[in-house]
Amino acid sequence: TKSRSSLDKTSLHTFVASGRLPRTMIFNRLLSISPVLKQQHYNNFFMLSQPMQEGELETFIKSFNNFEKDYDLFRYCTDSSEFPWWDLVRYDTQLLIATQKQLLGSREIQKISIFANIFKLTFKTLRLIYWFIVLHLSHKKLGSITSIYISSRSLPYVKSAINFDDEKIMCIGSKQAFIGLEVDLTFPKVVINDLIDISSSFIDLSNDIEEQIHTVEKHLSAKFFNVKNLKPLLKNKYKKGKFSYWLWAYILRMLPSLKKIYLLQDDTLQPLILKARHIGIKTIEIQHGYSGKSNFAYSYPKLSYSIDTLPETFLVNRDTGDLVYPAEYVFLPKIINNEYNGARDLHVLIASSPRRTNELKQILDSLIDIRWLKVGIKLHPVEGENLSLNIKSYPFRICIFKPHDNFSSVASRSKIFIPINPNSTTVFEASEAGSMVLNVNTNKTKLTSMCDDLFIATVTNLDEMPSVIISLINNT
């Protein structure tokens, strides 16, 4: 039998998370409790013994921000009606470039038959008709609405951000986002998205917009080495953004008492923010994940002017010390919504990502010889209820946690947490829940430095994953 260290399951992790020890001391403490790690896996933990260094994703973001500023794209990309469109396309543009540079994985697209597409379009059309009839029949309630809350996910701290008692609130989004909230009216955002998707394809581009898109595409391809499929993306995003602006203007006219809009940004709400700011409605974004310098959705160049497609106020639940989002920050009281008080009945918890299914499969495959292992997989909020993996093919027990399950409670059940996406807010949440956060970096390139102080170790070779996992489990 292996002797267990006197170090309890959270003490080392607490040192890591608090930042009270230098990184080399954390590394030595880890080695002192695990001879196996010391003898066999020294090279796997190189990131703990190095000073924090900027990652490739952070370097890319800086370069992209400089490009935006050099070409003054937030002003240049404006159509004849003074509609600014650069902020509507920049996220997907960065995503496309980062994917082609292999900084990020590509999302798997499932092929659908023509009959399935026809059925899907028919269903969407009928759903559109039904909900817009409901919307018009609710005109009396609409007239009294003072605030809108738009969200795709449930947030434990939303009640500290919005006064649900004193305001007449209309919620737009998914059903899961509003469970437990007392609201006056609800409307599914998927219906708005469907109408935008269907109708925007009929918009024609003016010659000015065609020229602007051509110019942006030319300079971006020169800067980032022949970006593929960029021009169709820019055209499609412009069309969707333009129709979205018209649609939100129509919806806002139905809400004469509206004073505030609270929202979780999903890269579709910039036109709403633009219209709301034009007519004097206050816009307030609620943080829903990591929003620092390693997230290109929240990293903007420093400009001498404001960007009207961004909210006036940003409600911050987690300050990671690297916020650069150009809005007024209001810091919410810290709320950790952990409902689990039992034992840690999972050995490993893995947070999935819609763009990294292959990485998830590789990690599971690497653990296939540890038959007694208990593994949990927490699905990402934007994923469906099921994985595109055959989990029954693995000899160990796998428990699937749904997208809207409370992550802090799930993380409290596991000894080790492995994030598929290393710059996910789940790294911070798992750390707070007492899990040891294990980073997997098989290509040995560093994306980001945001979580360096939270990783107990970094594995670079999946062949050595079993012994690393066993060593960590045996020493907690």
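Me: Hi! How many disulfides does the structure hold?
Reply: Hello! This is a predicted model, and it holds zero disulfides.

Me: What about the cysteines, then: is Cys77 buried or exposed?
Reply: Cys77 is buried, and its relative accessible area is 0%. Cys171 counts as buried too, at 0% relative accessibility.

Me: Let's turn to the sheets. In what order do the seven strands of the open sheet run?
Reply: They follow the order β3-β2-β1-β4-β5-β6-β7, and their pairing is parallel. At the edges sit β3 and β7 (328-331), each of which pairs on one side only.

Me: And how are neighbouring strands turned against each other there?
Reply: On average by 20 degrees, with direction ignored.

Me: How many bridges join β6 to β7?
Reply: Four bridges join them; β6 covers residues 313-316, and the two strands run parallel. To pick out one pair, Phe314 has Tyr329 in β7 as its bridge partner.

Me: What holds strands of a sheet together in general?
Reply: Strands pair through backbone hydrogen bonds, and the pairing can be parallel or antiparallel.

Me: Now for the six strands that form an open sheet: what is their order?
Reply: That order is β10-β9-β8-β11-β12-β13, with parallel pairing. The edge strands, pairing on one side only, are β10 (397-401) and β13 (455-459). From one strand to the next, the twist averages 25 degrees.

Me: How many bridges link β8 and β11?
Reply: Five bridges connect β8 (residues 346-351) with β11 (residues 414-419), and these strands run parallel. If you want a spot to look at, find Leu346, which stands opposite Ser414 in β11.

Me: Switching to the surface: which residues form a nonpolar patch?
Reply: Leu126, Ile129, Ile133 and Leu137 form one, and together they have about 440 Å² of accessible area.

Me: Where is Leu137 found?
Reply: Leu137 belongs to helix α8, which spans residues 114-137. Leu137 is exposed, because its relative accessible area of 69% is over the 50% cut-off.

Me: Something else: what is the phi of Gln102?
Reply: Phi of Gln102 is near 65 degrees, a positive value in a residue other than glycine.

Me: Why point that out?
Reply: Because most residues other than glycine have a negative phi.

Me: Where does Gln102 sit?
Reply: Gln102 lies in the loop between α7 (86-100) and α8, and it is exposed at 67% relative accessible area.

Me: What about the phi of Asn226?
Reply: Asn226 has a positive phi as well, near 55 degrees. You'll find Asn226 in the loop between α12 (207-223) and α13. With a relative accessible area of 56%, Asn226 is exposed.

Me: Speaking of α13, which residues does that helix span?
Reply: Helix α13 covers residues 230-253, and Arg253 is part of it. Arg253 is exposed, with 62% relative accessible area.

Me: What separates the C-alpha atoms of Arg253 and Leu142?
Reply: Those C-alpha atoms are 9.9 Å apart in space, while the two residues lie 111 residues apart along the chain.

Me: One more: where is Val183?
Reply: Val183 is in the loop between β2 (169-173) and β3 (185-187). Val183 is partly exposed, since its relative accessible area of 26% falls between the 20% and 50% cut-offs. The C-alpha atoms of Val183 and Tyr149 are separated by 9.5 Å, with their positions 34 residues apart along the chain.

Methods. Residues numbered from 1 in each chain as written. Predicted model: local features only at pLDDT ≥ 70, side-chain atom pairs only at ≥ 80, totals over all residues. Heavy atoms only, no water. Disulfide = S-S within 2.5 Å. Buried < 20%, exposed > 50% of the residue type's maximum accessible area, 1.4 Å probe, protein only. Pairing = 2+ DSSP bridges. Axes fitted to C-alpha atoms, helices over the stretch in contact; angles between N-to-C directions. Patch = residues over 30% accessible without salt bridge, like charges linked within 9 Å, V, L, I, M, F, W, Y side chains within 5 Å. Areas by Shrake-Rupley, 256 points an atom, 1.4 Å probe, with all protein chains shown as cover. Salt bridge = Lys/Arg side-chain N within 4 Å of Asp/Glu carboxyl O.
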